[in-house]
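Colleague: Could you take me through one part of this model up close? I'd like to look at a single helix and what sits around it.

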Amino acid sequence: MDLKALLQRFDGRSRLLLHSLHSGAAGASNAQTVFNKQRRSDPDFTLNPFLETLCQQEPCVHEDALVLKPLVCLFSEGFKRNLLCFLHLLHPGLPKDHVLHLLQCLTQDDVENQWTCVLIKQLQRDIEGTRKGTLLTSDGTGKLKSLCERFRNTNAKGKWAYCFEDLETEDKETNMPVLSQKKRKSDNMDHDGDAQEDHQSKRVKTDFCPSEEEERLTEEEEPKIRTSQLQQSAASVSQARSDVLGSSTNLPDHMKAAVPVIKELLDTESAWDESSVSALKVFHECDPNEVEVLCSMLCLSEASEQSLPQFCSCLLELSPDLSHSTASAVITHLLLPKILSLAEPASRCLVTAVMSLCTRYPRPTCQALIEPVLRKGQTESAQAEVLCRLVVDCLEPHHRLLVFRTILGVSWDEGVLSVIHALLDSELELSEEDFSLFTDQLCSQSPHFSKSMKFAKMLLSVLTKYQSHVNPACHHTLSSCLSFNETFLKKSLQAALKRISL
């Protein structure tokens, strides 16, 4: 049955979703955009009719016999994958029985595509809240076990080519062209291991054949191994630093002469005076490349937090101020690694240093510190706390707006919600376009935060403090957001939305 005939089984709005799900790799994202627009125009719109139609039995010919199959099984594999990804994005706000019924229909068909099979299992896991079973197919499980046994084989000499040798032979027999290319590449690897390895070669040669005694590590052996690993890691870092600092020969002599002076002050945590400020004037004379080299030579990322307030205080005494690029480089080397590694609340010294530089250099701080933290994903509560302090206490309204627009383009988590709430409480001066983009993002994120109190409180802040920004289109969007909410604040949110006069 062709696509046109299949489309006749669906209503008009469902056809729009079907067309978007057929739009290649971006099908799931396109379908979500279409669905959000449909919910905006009609907050009561649901996917129930769409899902029910996909589960309807349809006669078709299979192996010269007339059989009944669910309608969803008649679509292409690409459509099925996009549909599953689309449902994965929205399933928290969809009826579980409808989605599970659709997954059951999909499994009635012979699912040959392993990726589709995994998506079905993963979505079923998410809906049922269980982690039983495995996402691997029986064939994949067998190959993985075989591979593990090869790594344990004491007769192997640690050659990766040997470990994959038989697997590639099997794949060659099944005429898999992609893996056959890997086979041809592996044929060129050195099997006997006797030849001298070229210094520029990127081949990995390692012995990976522990005996049973080696696997049973005693408590005394484990610390030794960890220590050895740390030493190897330190050696790698040292080598990398040497490579970076190799370009220090290009620095003028007076710049290199300032390095030990500044470094000693950082290391000893002694009192800084006017001579210390004079030493820092070298930053005024550096071009962007020289600043990077200088920051690396000073090991700013490793400076103790106790030394930060004095160092930043001396930087602030420089006249004129540092250029944008120089300030960004210093913030990147000095503060960003410390903020990214925060697992506990930041120390007073670190907070003081960050806030002092942010007050003087707000735009470099936004671009070199706040934006990288937000874009890395999984914002920890300690990191979010520092960002909230900067937003509330250090940034001017136009810089807060810069952070707000950055947030519209990153993935959201509980930490990011805290930053958004702090921005909203600062009473942002949002344009109509900014607010419209924000409500669109709220609509797309609301299924993922249906039980989040932070998200609910953020919505309440929007509905109470930004009423004047709500036009009819945004009103529909916000109404759609509230339909996903499952917290005890839902009635308060609905009441606040009703009080907004259009």
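Modeller: Sure, let's start with a word we'll need: a residue is called buried when its relative accessible area is under 20%, and exposed when that value is over 50%. Keep in mind that this is a predicted model.

Now find helix H27, which covers residues 490–498. Which of its residues are buried? In H27 they are Leu493, Ala496 and Leu497. Look down the axis of H27 and you'll see these buried residues fall within an arc of 100°, so they line one face of the helix. Turn to the other side of H27 and you meet Lys491 and Lys498, which are exposed.

What covers the buried residues of H27? The cover includes helix H25, residues 453–465, as well as H26.

H26 is worth following, as it leads us to the largest pocket. That pocket has a volume of about 350 Å³. It is lined by 20 residues, and the closest to its centre are Arg39, Pro43, Leu482, Ser483 and Phe484. Our helix H27 takes part here too: the elements that give two or more residues to the lining are helix H3 (27–41), helix H26 (472–484) and H27. The largest share comes from H26, with four residues. Sort the lining by class and you get 10 nonpolar, six polar and four charged residues.

So H26 turns up in both places: it helps cover the buried residues of H27, and it gives the largest share of the pocket lining.

Terms used: Residues numbered from 1 in each chain as written. Predicted model: local features only at pLDDT ≥ 70, side-chain atom pairs only at ≥ 80, totals over all residues. Heavy atoms only, no water. 1 Å grid on protein atoms, 1.4 Å probe; cavity = no way out; pocket = protein on both sides within 12 Å on 5 of 7 lines; lining within 4 Å. Points joined across faces, edges and corners; volume = space filled by probe spheres on them. Nonpolar A, V, L, I, M, F, W, Y, C, P; charged D, E, K, R; others polar. Buried < 20%, exposed > 50% of the residue type's maximum accessible area, 1.4 Å probe, protein only. Arc of directions from axis to C-beta. Contact = heavy atoms within 4.5 Å.
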